[in-house]
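This report considers selected local features of one protein chain. It takes up an annotated site, a helix, the cysteines and the charged pairs in turn.

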Amino acid sequence: MPKNTKVTQREHSNEAVTESVADLLSLEHPMDYKSSQMSMGLSPGSTAPGRSLLPEQDLEDGRPAWNNKLEYILAQVGFSVGLGNVWRFPYLCQKNGGGAYLVPYFILLLLIGIPLFFLELAVGQRIRRGSIGVWNYVYPQLGGIGVSSLMVCGFVGLYYNVIIGWSIFYFFQSFQYPLPWAECPIKKNGTQAIVEPECEKSSATTYFWYRQTLNITSTIDDTGGLNWKMTLSLLVAWILVCLAVIKGIQSSGKVMYFSSLFPYVVLFCFLIRGLLLKGAVDGIAHMFTPKLEKMLEPQVWREAATQVFFALGLGFGGVIAFSSYNKRDNNCHFDATLVSIINFVTSILATLVVFAVLGFKANIMNEKCVVENAEKILGYLEKGVLSRDLIPPHVNFSHLTAQDYSEMYGVIKTVKEDSFGQLGLDPCILEDELNKAVQGTGLAFIAFTEAMTHFPASPCWSVMFFFMLINLGLGSMIGTMTGITTPILDAFKIRKEILCVVCCIIAFLLGLLFVQRSGNYFVTMFDDYSAGLPLTVVVILENISVAWIYGTKRFMQDLEDMLGFRPYSFYYYMWRYVSPAVLVVLIVATVIEMSVNPAGYNAWVEEEGSERFHSYPPWALAMAYSLIVVAMLPLPIVFIARQFNLVSDGSNKLSVSYRKGMMKDISNLEEQDEQRFILGKNPSEAPSPMPAHRAYLGPGGTQEMTNTNYGTSTKTGYQNIGSPESEL
């Protein structure tokens with residue numbers, strides 16, 4: 001042992017030895033595990049025979065580590081920034097008052113988003129285990145939290161990868177000119193060639209989505225058999241995910257350089273192109289025109305909280321899994337703030353792109369409406385139904401503008417008030433087109449594809465867009481699958497390659513449910529029921545187990561030991577009071593909404609060329625609620641089993657690094673005790689068997705220092721690593 005260490009200094013001094021093993025470890029110099037004489041038994045700079053000193057390996061416990069901080073940040077960004085930022089956030093912004101929606105979203109991001117994201121990063125980094133191991137360690141009775149997270153990850157991964165499969169299908173279909181969804185197909189009826197009726201009633205992009213891509217049935221009861229095109233696309237998607245997860249964080253970090261950054265390149269390209277489109281300014285103005293009355297509606301706040309919750313990936317276990325590969329002294333507070341801000345800015349950027357495209361599409365649809373209704377008016381003029389005196393003199397039907405039509409429409413409506421409804425004229429108001437909410441798959445596979453058909457070089461834009469969706473989806477899927485594989489690998493001695501292949505094969509077989517002709521209805525069901533309520537319950541239990549069971553003051557002290565500084569008192573109050581209260585309100589509001597609103601899905605009606613809401617049949621409703629029950633079932637089962645000692649709680653299992661450090665220092669202390677016995681030292685001078693714990697006095701309190709610095713330099717990031725009382 002080096003002569004300048006605390007242990008040897010105390011051996012040669014006459015002072016009483018009162019420190020515990022953890023105190024001695026905390027006052028040691030921070031060790032370089034690649035060249036340390038203590039840990040390797042070799043001279044500095046030499047290597048152990050047969051053992052590789054790779055930069056990504058943590059030689060303390062053999063756990064892999066990120067190559068650098070940038071790869072880790074990109075991985076967290078890739079996991080948190082997903083399809084929801086491009087699909088759901090713009091839809092909610094459009095639905096809930098435009099710019100007014102950003103206010104509750106940002107407030108709730110501060111109240112529950114960043115604090116709970118920081119909490120998950122901190123516990124994962126400190127305990128260095130997956131979600132199951134982390135919550136078994138914090139409070140064994142609530143060890144079911146990790147199992148529920150794993151179950152939810154499984155449910156979400158099943159249908160999320162189907163969406164990636166859809167994007168893969170559209171990606172390969174984009175290498176055509178014109179794009180296959182640009183025009184309605186022509187159907188031959190004897191000697192006549194007519195437009196496909198189903199397409200004519202809807203639109204070319206809508207028809208391609210429902211008929212050519214999904215070949216969807218009219219109800220969830222009619223499975224319709226497998227859709228082979230979607231089955232092959234799903235297989236490709238799972239192969240890509242499997243290869244990425246098998247390579248692990250060493251390669252997935254490198255993949256993230258491209259997969260996390262490429263979507264931003266595409267979004268900026270679309271934003272620049274979108275701003276040059278006719279009507280894009282109308283869309284942007286619509287986005288930033290706040291409907292302040294919407295902020296008073298509880299539904300807006302509930303949906304904002306849910307979006308914050310899912311945007312950061314809270315409760316899935318992926319955040320914990322990724323952070324568990326960090327060094328203990330990594331500044332996870334900075335990471336939480338940075339990733340949350342990037343996520344929020346990405347949502348704003350995607351919303352700008354979406355509203356620019358929707359403004360362009362709304363103008364096209366409004367012009368189409370004006371032309372169709374102008375033809376109706378001309379027909380009524382020729383038939384004498386309407387008098388030409390009703391048409392303003394400056395109106396030119398060959399160059400009819402939206403303003404001219406609006407003026408003409410107003411005159412006709414005023415004069416023909418009694419019989420106006422029989423004319424069948426539409427007002428063709430641009431604002432009405434902008435207010436038409438397009439959610440989820442409809443936004444990507446209908447609205448965006450329709451807008452891209454009007455772009456010059458439309459196949460190029462389509463390829464870029466769907467390649468971006470594939471990248472966004474894969475980034476989230478890697479995090480989701482890591483949330484599944486990491487806790488399993490921590491708990492069982494299984495080869496990672498075998499586990500990943502088995503998981504992907506099982507997931508593909510179960511995923512065949514979603515590539516039937518009725519599969520889109522099951523995607524909607526899983527999206528509505530498998531994650532929302534279970535994840536909210538998981539996160540509030542995470543919050544309670546750390547803030548109320550383990551103790552907020554104790555956790556804040558651990559963070560100070562780990563980070564080297566005391567986190568803001570803001571987090572103390574958020575974890576202790578505000579975040580749990582907000583989550584309870586969110587759970588209550590979700591349960592009320594589920595009980596009040598009828599459970600159902602939007603079915604495609606071929607004869608009408610439109611969607612119609614259908615209630616779930618009894619078997620489908622039972623299936624939907626069973627998803628919630630199955631996801632939450634591990635919570636009471638594990639609690640009961642460990643409360644009554646039916647299974648071992650594993651709470652006395654220390655980390656590998658702690659066991660190694662303890663055994664080394666115990667052997668050293670035994671030698672020292674023997675020397676003290678020979679020299680006649682009193683037993684009272686022996687080290688305490690339990691580590692001293694410095695009390696955190698709460699926000700604004702002062703730090704009691706029970707240890708004395710004897711001139712040795714310390715690194716806070718490695719203090720108390722071996723302490724079982726503060727290993728969190």
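## The annotated binding site

Val81 has a relative accessibility of 5%, so this residue counts as buried. The model described here is predicted. Val81 sits in the loop between α4 (69–80) and α5 (83–86). Apart from neighbours within four places in sequence, Val81 is in contact with Tyr264, Asn343, Thr346, Leu472 and Ser476.

An unreviewed UniProt entry lists Gly78, Val81, Asn85, Asn343, Leu472 and Ser476 under "binding site". These positions are spread over 399 residues of sequence, yet they cluster in space, with a largest C-alpha distance of 12.8 Å. Leu472, one of the listed residues, is placed in helix α21 (residues 458–491). Its relative accessibility of 7% means that Leu472 counts as buried. With residues up to four places away in sequence not counted, Leu472 touches Gly78, Val81, Gly82, Leu83, Val86, Tyr160 and Pro263.

## Helix α9

Helix α9 covers residues 144–173, 30 residues in total. From its first C-alpha to its last, α9 reaches 44 Å, close to the 44 Å expected at 1.5 Å a residue. At Gly157, α9 bends by about 25 degrees. Because 25 of its 30 residues are buried, α9 is largely enclosed by the rest of the structure. Tyr160, which is among the residues touched by Leu472, falls within the range 144–173 of α9.

## Disulfides

The model contains two disulfides. One is formed by Cys184 and Cys199, whose sulfur atoms are 1.9 Å apart. This pair links distant parts of the chain: Cys184 is in the loop between α9 and β1 (186–189), while Cys199 is in helix α10 (residues 197–201), 15 residues apart. The torsion about the S-S bond of Cys184 and Cys199 is about -80 degrees, and the disulfide is therefore left-handed. Cys184 counts as partly exposed because its relative accessibility is 22%, whereas Cys199, at 1%, counts as buried.

Another disulfide joins Cys369 to Cys428, with an S to S distance of 1.9 Å. The link of Cys369 and Cys428 is left-handed, with -75 degrees about the S-S bond. Cys369 lies in helix α17 (residues 332–383) and Cys428 in the loop between α18 (402–415) and α19 (430–434), so the pair ties together parts that are 59 residues apart in sequence. Cys369 and Cys428 are both buried. When the bonded cysteines are numbered in sequence order, the pairing is 1-2, 3-4.

## Cysteines outside the disulfides

Cys242 is in no disulfide; the nearest cysteine sulfur, that of Cys504, is 3.6 Å away. That separation may be set against the cut-off of 2.5 Å between sulfur atoms used to assign a disulfide. At 10% relative accessibility, Cys242 counts as buried.

For Cys503, the closest cysteine sulfur is in Cys500, at 6.7 Å, which is too far for a bond. Cys503 is also buried, with a relative accessible area of 18%.

## Salt bridges

Side chains of opposite charge can pair when their charged atoms come close. Across the whole structure, seven salt bridges are found. In one of these, Asp335 pairs with Lys69, the closest N and O atoms being 3.0 Å apart. Since Asp335 lies in helix α17 and Lys69 in helix α4, the pair ties together parts that are 266 residues apart in sequence. Asp335 is buried, with a relative accessible area of 0%, whereas Lys69 counts as partly exposed at 34% relative accessibility. Helix α17 thus holds both Asp335 and the disulfide-bonded Cys369.

Arg495 and Glu497 also meet in a salt bridge, at 3.6 Å from N to O. Arg495 is exposed, with a relative accessible area of 57%, and Glu497 counts as partly exposed at 35% relative accessibility. A further salt bridge is formed by the side chains of Glu560 and Arg566, at 3.8 Å from N to O. Here Glu560 is buried, with a relative accessible area of 17%, while Arg566 counts as partly exposed at 27% relative accessibility. In addition, salt bridges that share partners join Glu198, Arg211 and Glu606 into one network.

Key:
Residues numbered from 1 in each chain as written. Predicted model: local features only at pLDDT ≥ 70, side-chain atom pairs only at ≥ 80, totals over all residues. Heavy atoms only, no water. Helix = DSSP H or I, 4+ residues; strand = E, 2+ residues; numbered from the N terminus. Expected span 1.5 Å × (residues − 1). Bend = angle between axes of the 7 residues up to and from the residue. Buried < 20%, exposed > 50% of the residue type's maximum accessible area, 1.4 Å probe, protein only. UniProt positions renumbered as here; feature names shortened; annotations may be inferred. Contact = heavy atoms within 4.5 Å. Salt bridge = Lys/Arg side-chain N within 4 Å of Asp/Glu carboxyl O.
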